[in-house]
Amino acid sequence: MKRSTQLMAIVVAVFGGICAIGCTIDPDLDPFDDLYTPDQCTGTTPDLNGTWEITGTGKRSECRQDFLNTDKFTLSSVKIPLVYDADTGELSVGNLQVNSNFQVKSAVIDRACVEFTTVEGVGDQTIEYRWKGSAKSDNFLEGEFTGLGPSGCDTVGNFSMSR
Amino acid sequence: MSTFSKFAGAFIALMAVAFSSNAFAQEPTWAMLDFGVRNISVDDAATFRDLLQTEISKQREVQFVRAAVVCADKRCAAEEGNKLGAEATVYGSIAALGEKLIVNVEIVDNANGNIVRSERMGVTKIEELDLVAARLAKAIATNQEVRDTAELGLVTTDESKVETRRQGFGGVALGVGAMTPVTGYATVPLGVAIDVAYWYEASKFAVGPRVGVRFQADPNGEDHYIEVPMDLGAYYIFGLGDFAPFVGGGAGLRYITDTRRSTILTGSVIQTTHEADLDDQAWGLGTYVRAGVLLFRTYTVRVSLTVDYNVAWMKLHDEFAQQSLTMMINTHF
């Protein structure tokens with residue numbers, strides 16, 4: 001076998017290996033993909049304008065600081081004033097009661113289904129949650145969320161949102 | 001006679017006069033009296049006196065005149081020395097005390113009758129009197145203490161012996177008791193304390209190292225700690241009876257690992273809450289003071305009751321200086 005052929009074989013093997021590893025790691029990047037089904041979105045679109053509170057439970061793993069890892073945490077929020085512009089589809093946060101670096105990054109509303117992302121700066125770290133739920137009434141939503149941070153934590157859980 | 005011959009002759013005569021007068025000026029005259037003897041022979045004492053005279057002459061420029069007189073005090077010695085026209089008088093005694101030979105040598109200034117040197121040395125072998133003579137002569141010549149003149153070849157058998165020391169009593173001590181955290185530890189009401197120590201006890205003091213372990217008594221408690229003290233302590237003991245109080249203290253190394261059940265919060269607008277064990281551990285300096293009572297002290301196996309106040313100088317969970325109280329019962333084997 002020629003030397004160039006051997007070299008080519010090695011390159012193919014290395015890239016093939018990398019591809020194989022990547023294919024086994026990658027598929028869970030978006031855990032919401034399995035949740036979002038058209039059936040869940042039947043119903044009327046809720047009016048998101050107003051003050052909401054979020055509660056829920058979840059678990060956190062892969063944290064660099066071990067004490068943050070937990071099989072169960074409870075989640076709650078202060079009253080969050082949401083402002084929704086139906087024309088532009090933009091969701092934003094009004095004046096919060098607490099002094100915090102908190103914002104809504106993106107939002108998608110499809111009939112009863114609501115999906116948005118919140119980011120909060122805490123010290124030199126950020127906590128990002130991605131919420132995806134469906135409206136059960138005009139004043140109540142429930143669904144699941146994932147999160148990233150602080151300390152590199154991966155978070156998943158269930159939530160409900162009411163006003 | 002030539003001019004050169006005259007000059008050379010005058011120079012030689014001048015040098016002869018100079019050397020002779022210089023020699024007389026640098027060699028003072030000392031008197032050497034006979035040594036008093038007790039329980040040894042006069043001949044041995046005379047031999048020692050001759051050796052001493054020779055050694056002193058080797059060590060410093062001095063010429064001796066002798067007198068067959070024994071003096072026991074400085075006044076007598078000074079009078080005899082003055083009779084001989086000496087500036088100083090060497091006198092003394094050699095006495096046998098059991099197996100020991102004790103040599104006393106004194107030098108008196110004949111002009112004023114004051115003792116200028118007084119030395120004593122003891123040996124167990126009469127053959128070592130030559131060493132004594134050499135050492136005493138060196139001490140006199142160099143104005144040193146006799147003990148400072150030791151050098152190879154001049155050390156006596158007595159000096160090479162190990163000094164007799166007071167004996168203490170040492171052994172292992174085992175202790176068990178309770179520890180109460182005062183501040184800086186996990187919130188635990190009571191802990192267990194176990195010590196293994198070496199206890200060396202003399203009549204009035206005791207010293208010894210110890211290694212121990214302290215941990216919380218309730219295995220189901222949410223908060224817990226483990227402390228390992230490694231110390232060296234010293235104690236003063238009051239009394240020799242079967243009830244002897246003592247006080248003291250010590251210092252050493254401490255290792256503490258401390259776990260506390262805590263509520264963990266993340267975020268402020270959206271807040272998560274959970275319970276977690278916060279671990280912290282550190283090495284540091286440890287000190288303690290102790291008061292206690294030693295019981296059955298007249299027996300080989302003794303018991304002591306102790307109370308220690310401990311401080312570990314370290315930072316755990318942002319708290320500096322862990323303080324605790326330890327009460328123990330110890331058995332000393």
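**Reading chain A and its contact with chain B**

Colleague: How many helices and strands are there in chain A?

Modeller: There are one helix and nine strands in chain A, where helices (H or I, at least four residues) and strands (E, at least two) are DSSP runs numbered from the N terminus. Along the sequence their pattern is α-β-β-β-β-β-β-β-β-β. This is a predicted model, in which local features need pLDDT of at least 70 and side-chain atom pairs count only at pLDDT 80 or more, while totals for chains, interfaces and linings use all residues. Residues are numbered from 1 along each chain as its sequence is written, and chains are lettered from A and ligands numbered from 1 in the order in which they are written.

Colleague: How many residues of chain A are in contact with chain B, and which strands supply them?

Modeller: Two residues are in contact if their C-beta atoms, placed from the backbone, lie within 7 Å. Here 22 residues of chain A are in contact with 12 residues of chain B. On the side of chain A that touches chain B, β2 (70-77), β6 (113-122) and β7 (125-137) each supply at least two residues, and the largest share, seven residues, comes from β2(A).

Colleague: Which strand of chain B pairs with β2(A), and in what sense?

Modeller: Two strands pair if DSSP finds at least two bridges between them. In this model β2(A) pairs with strand β12 (residues 270-295) of chain B in the antiparallel sense, over four bridges, and Thr74(A) stands opposite Thr273(B) in β12(B).
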